[in-house]
Amino acid sequence: MKKTNILYIIAGAILILSVVCFVGCREQKDDTPSDEGTGGKTIDEILEEAKENGPVAPEGEITEIWFDETFNAYYPKQLKDIIFTRIYMYGELESEQPVICLCSETITDISIFGISDGEPGEELYTVDSLEPMEAIVLQVELSETADIGISFTDESGNKQSYSLARNADSSEVVTTQISAD
């Protein structure tokens, strides 16, 4: 009789542990960016709203990103779960890899321009200023040869220009400084 009670206790403990493990393991993680800090909107909805209505300020807590350069550009897959304080949109292309331009200090007089034969060309879009954690999203497809660029004035008053291209496997945006005062 005692052996039977011990077996029931062990079986019950195993059953309880199995249920706890099953419930705890049921939650699956996925690689899609979270909507936390966006007021319940998906990142795609925020980008669509920015395209239609101009700069958008997502609601909620912001995850900050820091880097050493004054300016850099990324694909969204490089910035999972980053929500920006304001988004400016340029371009009409429904790209799965829009280019996200960020700064680590306040920059002003921002100009997006075309590049033709390696030379800056027509101005395509302007923004008065960009603060850290704000972003300019370019709905364009980059090629391996730069055909779009960005210029701005940094906090020290220096004018800087960069060309934007993609690397050979389309995994990163390649920024190359064209000039600086």
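Which residues does Ile 148 touch, not counting residues up to four places away in sequence? Let's take that as our way in. Ile 148 touches Tyr 90, Ile 112, Phe 113, Gly 114, Ile 115, Leu 124, Leu 138, Val 140, Leu 142, Ser 163 and Leu 164. Ile 148 itself lies in strand β7. With a relative accessibility of 5%, Ile 148 counts as buried, because anything under 20% does. You can also check a distance here: the C-alpha atoms of Ile 148 and Glu 119 are separated by 9.9 Å, and these two residues are 29 apart along the chain.

Before we go further, keep in mind that this is a predicted model. So how far does the predictor's confidence go? The mean pLDDT of the protein chain is 75, and 62% of its residues reach 70 or more. Strand β7, where we just started, has the highest confidence in the chain, at 95. Helix α1, covering residues 2-26, has the lowest, with a mean of 51. Over residues 19-38 the pLDDT is below 50, and this stretch has 20 contacts in the model beyond near neighbours in sequence. Here's a rule of thumb: where pLDDT is low, don't read the predicted coordinates in detail.

Now for the nonpolar cores. The largest one has 22 residues, and those with the most contacts inside it are Val 99, Ile 136, Leu 138 and Leu 164. Which strands feed this core? At least two of its residues come from each of β1 (71-74), β3 (99-103), β4 (107-116), β5 (119-130), β6 (134-138), β7 (148-153) and β8 (159-166). There's also a second, separate core of 11 residues, and among them are Ile 87, Met 89, Met 133 and Val 137.

Pick out Ile 136 and you'll get a feel for the largest core. Leaving aside residues up to four places away in sequence, Ile 136 touches Tyr 88, Val 99, Ile 100, Cys 101, Ile 110, Tyr 125, Val 127, Leu 130 and Ile 150.

Next, have a look at how some strands line up. Four strands form an open sheet, and if you walk across it you meet them in the order β1-β3-β6-β2, with mixed pairing. Why is one side of β1 and of β2 left without a neighbour in the sheet? Both β1 and β2 (86-90) stand at the edges with a single partner strand each, so there is no neighbour on one side. From one strand to the next, the twist averages 25°. As background, strands of a sheet pair through backbone hydrogen bonds, in either a parallel or an antiparallel way. In this sheet, β2 and β6 go for the parallel sense, over five bridges. You can spot one detail of this yourself: Met 89 stands opposite Val 137 in β6. Both Met 89 and Val 137 also belong to the second core.

Time for some rings. A search of the whole structure finds four aromatic pairs. Let's start with Phe 71 and Tyr 162: their ring centres are 5.2 Å apart and their planes meet at 35°, so this pair is tilted. Phe 71 sits in strand β1 and Tyr 162 in strand β8, 91 residues apart, so to speak of a link between distant parts of the chain is fair. Phe 71 is buried, with a relative accessible area of 2%, and Tyr 162, at 11%, counts as buried too.

Tyr 162 has another aromatic partner, Phe 152, and this pair is stacked, with 6.0 Å from centre to centre and 10° between the planes. Phe 152 lies in strand β7 and Tyr 162 in strand β8, so the pair ties together parts that are 10 residues apart in sequence. At 0% relative accessibility, Phe 152 counts as buried. Put these rings together and you have one aromatic cluster of Phe 71, Phe 152 and Tyr 162.

Finally, two aspartates with a backbone quirk. Asp 109, found in strand β4, has a positive phi of about 50° although it is not a glycine. Asp 117 has a positive phi of about 55°, and it isn't a glycine either. This second aspartate, Asp 117, lies in the loop between β4 and β5. Are they buried or exposed? Asp 109 is partly exposed, with a relative accessible area of 47%, while Asp 117 is exposed, with 80%.

Key: Residues numbered from 1 in each chain as written. Predicted model: local features only at pLDDT ≥ 70, side-chain atom pairs only at ≥ 80, totals over all residues. Heavy atoms only, no water. Core = buried A, V, L, I, M, F, W, Y, C linked by side-chain atoms within 4.5 Å. Buried < 20%, exposed > 50% of the residue type's maximum accessible area, 1.4 Å probe, protein only. Contact = heavy atoms within 4.5 Å. pLDDT = per-residue confidence, 0-100. Pairing = 2+ DSSP bridges. Axes fitted to C-alpha atoms, helices over the stretch in contact; angles between N-to-C directions. Phe/Tyr/Trp six-rings, centres within 6.5 Å; stacked < 30°, edge-to-face > 60°.
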